[in-house]
Amino acid sequence: MSQNTLYPVVMAGGSGSRLWPLSRVLYPKQFLCLKGELTMLQTTVSRLNGVLCESPVVICNEQHRFIVAEQLRQLNKLTENIILEPAGRNTAPAIALAALAAQRSSPDCDPLMLVLAADHVIQQEDTFREAVRAAIPYAESGKLVTFGIVPDMPETGYGYIRRGEVTPGEGDNIAFDVAQFVEKPNLETAQAYVGSGEYYWNSGMFLFRAGRYLEELQKYRPDILTACEKAMATVDPDLDFIRVDEQSFLACPEESVDYAVMERTADAVVVPMDAGWSDVGSWSSLWEISAQTPEGNVHHGDVISHKTENSYVYAESGLVTTVGVKDLVVVQTKDAVLIADRNAVQDVKKIVEQIKAEGRHEHHIHREVYRPWGKYDSIDEGERYQVKRITVKPGEGLSVQMHHHRAEHWVVVAGTAKVTIDDVVTLLGENESIYIPLGATHCLENPGKIPLDLIEVRSGSYLEEDDIVRFEDRYGRV
């Protein structure tokens with residue numbers, strides 16, 4: 001890595017509960033296709049095309065590791081570049097892990113780190129790249145750069161940055177000393193901020209040298225740095241993942257980079273960015289940045305609207321219709337439906353809190369679940385039975401396993417299945433089936449060139465996913 005090459009770091013944690021029911025704990029918004037054909041994570045990575053940089057490092061929760069790996073693989077950006085957090089500890093520790101990893105990979109220089117969030121929308125990507133290039137000289141000189149979004153309205157859902165004096169730079173590059181970070185304001189205060197021309201939205205994007213960040217973290221939060229150094233001291237490489245020491249990281253305090261470093265350092269500067277930025281923090285903000293019909297509607301999926309105005313309607317599976325309504329958000333998934341006033345969608349998180357409090361699962365997981373080998377969709381269930389549609393990608397396979405409480409019956413719908421039961425191998429084609437008795441050691445593989453689709457019927461006294469004993473697994477889950 002050269003002295004001036006960027007080391008992009010994409011933070012892909014968070015649950016995005018305000019975008020429920022699409023966003024779930026095990027499949028949050030950064031992994032969804034909300035605008036365009038790519039997911040938000042993939043869009044963030046692709047946004048770096050045209051910027052001289054290394055392959056991005058993605059920091060995510062361990063339970064999302066296979067989702068991240070698959071989405072990077074689809075972009076040909078999977079290069080053993082996923083750092084796994086055993087638990088979320090906010091942005092200051094996450095960036096510290098990435099900074100330590102950057103120094104380890106580039107021992108002969110102090111690499112530049114471009115820190116991005118995986119769940120932002122930036123509509124003018126050329127402007128984004130220009131702002132990054134403009135910020136590089138400041139970061140090279142030892143400044144800690146944050147990107148301030150030029151506000152186009154008095155937004156109360158964002159924090160703000162007040163600029164100070166102009167920071168000397170090269171050529172036409174413009175940056176300002178950071179005079180103050182301020183919390184989310186009320187409407188009157190936000191109007192004053194925007195009217196003054198001295199305030200920017202706090203984007204949560206940064207550029208600085210890895211060593212400078214660690215120096216400032218040592219100065220202001222040495223406890224965080226010590227915990228992260230211990231966590232990185234015994235890194236365990238695992239396929240495309242970097243696993244840090246769990247106990248050391250769990251002992252790390254939870255803190256944001258703003259509170260830990262940026263609000264305290266004397267070397268913070270802000271580079272303005274006017275690039276159509278949004279953190280897509282609610283359904284209303286997604287409606288605002290999406291292409292609308294002449295009636296002001298945004299449709300996704302199989303939707304028919306009549307006399308409907310200024311509404312966002314999302315259909316995941318099946319026809320959704322609206323008649324004579326306006327200013328609504330309607331989101332239909334396979335297991336939940338949300339109907340909300342578009343001006344009250346900030347309170348969707350209250351629904352998520354109630355679902356969680358009642359011990360339900362709709363906040364946690366979708367009916368359709370992705371695995372490293374493919375996915376499954378829970379079609380039906382009742383007392384002592386479950387029915388799932390399983391899709392296995394070509395060349396992939398499930399672990400060698402057994403179950404204590406259930407038997408299974410597999411019916412092949414499409415493709416070819418290689419089934420091993422107690423060392424007996426059987427090849428199944430379309431419309432063929434096989435029975436796996438309770439307690440039998442078995443595995444399923446797709447040896448073909450097309451996806452394998454099959455119907456699985458489970459029967460028994462206990463049918464949950466944790467009734468599994470793995471003996472062998474190509475994905476390191478044993």
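Which residues have the most contacts inside the largest nonpolar core? In this predicted model, where local features need pLDDT of at least 70, side-chain atom pairs count only at pLDDT 80 or more, and totals for chains, interfaces and linings use all residues, they turn out to be Trp-283 and Leu-444, in a core of 60 residues. Residues are numbered from 1 along each chain as its sequence is written, and side-chain values use heavy atoms, with hydrogens and water left out.

A nonpolar core here is a set of buried Ala, Val, Leu, Ile, Met, Phe, Trp, Tyr and Cys residues joined through side-chain atoms within 4.5 Å; buried means under 20% relative accessible area, with exposed over 50% and partly exposed in between (1.4 Å probe, protein chains only). Helix H2 (residues 65-74) gives the most to the 60-residue core, chipping in five residues. Helices (H or I, at least four residues) and strands (E, at least two) are DSSP runs, numbered from the N terminus. Setting aside neighbours within four places in sequence, Leu-444 is in contact (heavy atoms within 4.5 Å) with a list of residues that includes Val-392, Trp-410, Lys-418 and Leu-454. Apart from this core lies another, of 45 residues, with Leu-97, Phe-206, Tyr-213 and Ala-227 among them.

Leu-97 is one of the buried residues of helix H3, a mostly covered helix in which eleven of the 15 residues are buried. The length of H3 (residues 91-105) works out nicely: at 1.5 Å times one less than the number of residues, the expected span is 21 Å, and the end C-alpha atoms are indeed 21 Å apart. Tyr-213, for its part, is buried in helix H6 (residues 210-220), along with residues including Arg-212 and Glu-216. The buried residues of H6 pack against H3, and also against strands S4 (112-117), S6 (144-149) and S9 (199-209) and helices H7 (222-233) and H9 (257-262).

Further along the chain, an unreviewed UniProt entry annotates residues 301-354 as "domain: MannoseP isomerase/GMP-like beta-helix"; such annotations may be inferred rather than shown by experiment. That span is 13% helix and 41% strand, with its end C-alpha atoms 28 Å apart. Turning to the strands, an open sheet of four runs in the order S14-S16-S18-S19, with mixed pairing (two strands pair if DSSP finds at least two bridges between them). Strands S14 (298-300) and S19 (337-341) stand at the edges with a single partner strand each, so one side of each has no neighbour in the sheet. Strands S16 (residues 312-315) and S18 (residues 328-332) pair in the parallel sense over four bridges, and Val-313 has Val-330 of S18 as its bridge partner.
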